[in-house]
Amino acid sequence: MTYTYKTKGTCSSDIKLDVENGIVKEVTFWGGCNGNLQGLSRLVKGMSVEAVITRLEGIHCGGRPTSCPDQLCKALHEMGY
């Protein structure tokens with residue numbers, strides 16, 4: 001299932017996800033810290049959704065109450081995980 005999520009409170013503006021059978025197939029961030037988000041996208045590729053959420057949910061960025069990794073988890077929850 002391909003899904004586009006509009007982020008809130010981060011430098012990135014959107015996250016495009018492709019998840020099949022509970023496995024992250026592809027993640028693309030629009031905006032934000034390009035190198036870091038490319039790295040994050042490559043690291044979560046092939047991981048189970050549960051593992052991604054367990055490792056990344058609740059991460060803050062600077063003084064913000066969220067981060068791009070946390071927004072990825074919010075997108076996964078919005079997808080029904």
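# Exercises on a Predicted Protein Model

Strands β2 and β3 form a hairpin that has two residues between them, and Asn21 in the turn shows a positive phi of about 50°. The structure is a predicted model, and the exercises below examine it element by element.

## Exercise 1: The turn between β2 and β3

Determine where Asn21 lies, whether Asn21 is buried or exposed, and what is notable about the phi of Asn21.

Solution.

Step 1. Locate the residue. Asn21 belongs to the loop between β2 and β3.

Step 2. Assess the accessibility. The cut-off for an exposed residue is over 50% relative accessible area. Asn21 has a relative accessibility of 80%, so Asn21 counts as exposed.

Step 3. Consider the backbone angle. Most residues other than glycine have a negative phi. The phi of Asn21 is near 50°, which is a positive value in a residue other than glycine.

## Exercise 2: How the strands pair

State in which sense the strands pair, how many bridges join them, and which residues stand opposite one another.

Solution.

Step 1. Begin with β2 and β3. Strand β2 covers residues 12-20 and strand β3 residues 23-31; they run antiparallel and are joined by eight bridges.

Step 2. Identify partners in this pair. Glu20 is placed opposite Ile23 in β3, and Ile15 has Phe29 in β3 as its bridge partner.

Step 3. Turn to β1 and β2. These strands also pair in the antiparallel sense, over five bridges. Tyr3 faces Leu17 in β2, while the bridge partner of Tyr5 in β2 is Ile15.

Step 4. Combine the results for Ile15. Ile15 is the bridge partner of Tyr5, and Ile15 is also paired with Phe29 in β3.

Step 5. Examine the connection from β1 to β2. The two strands form a hairpin with five residues between them, and Gly9 in that turn has a positive phi of about 85°.

## Exercise 3: The two faces of β1

Decide which residues of β1 lie on the covered face and which on the uncovered one.

Solution.

Step 1. Name the covered face. Tyr3 and Tyr5 make up the covered face of β1.

Step 2. Name the uncovered face. Thr2, Thr4 and Lys6 make up the uncovered face of β1.

## Exercise 4: The surroundings of helix α3

Establish how many residues of helix α3 are buried, which residues these are, and what covers them.

Solution.

Step 1. Count the buried residues. Helix α3 spans residues 68-78, and eight of its 11 residues are buried, so the helix is largely enclosed by the rest of the structure.

Step 2. List them. The buried residues of α3 are Cys68, Pro69, Asp70, Gln71, Leu72, Cys73, Ala75 and Leu76.

Step 3. Find the cover. The elements that cover the buried residues of α3 include the strands β1, β2 and β3 and the helices α1 (34-44) and α2 (49-56).

## Exercise 5: Two partly exposed residues

Describe where Gln38 and Cys61 are placed, and how far each lies from a given residue elsewhere in the sequence.

Solution.

Step 1. Consider Gln38. Gln38 is found in helix α1 and is partly exposed, with a relative accessible area of 38%. Gln38 and Thr28 are 10 residues apart along the chain, and their C-alpha atoms are separated by 7.7 Å.

Step 2. Consider Cys61. Cys61 is located in the loop between α2 and α3 and, at 41% relative accessibility, counts as partly exposed.

Step 3. Relate Cys61 to other residues. Cys61 is 50 residues from Cys11 in sequence, and the C-alpha atoms of the two are 10.0 Å apart in space. Leaving aside residues up to four places away in sequence, Cys61 touches Thr66 and Ser67.

## Exercise 6: The whole protein

Summarise the secondary structure of the protein and explain why it is called as compact as a globular protein of its length.

Solution.

Step 1. Read the elements in order. There are three helices and three strands, arranged along the sequence as β-β-β-α-α-α.

Step 2. Compare the radius of gyration with the rule. The radius of gyration is 11 Å, close to the 12 Å that the globule rule gives for 81 residues, so the protein is as compact as a globular protein of that length.

Step 3. Add the extent and the burial. The C-alpha atoms fill a box of roughly 35 × 20 × 20 Å along the principal axes, and 41% of the 81 residues are buried.

Notes
Residues are numbered from 1 along each chain as its sequence is written. This is a predicted model: local features need pLDDT of at least 70, side-chain atom pairs count only at pLDDT 80 or more; totals for chains, interfaces and linings use all residues. Side-chain values use heavy atoms; hydrogens and water are left out. Helices (H or I, at least four residues) and strands (E, at least two) are DSSP runs, numbered from the N terminus. The radius of gyration is taken over C-alpha atoms; the globule rule is 2.2 Å times the number of residues to the power 0.38. Buried means under 20% relative accessible area, exposed over 50%, partly exposed in between (1.4 Å probe, protein chains only). Two strands pair if DSSP finds at least two bridges between them. Contact means heavy atoms within 4.5 Å.
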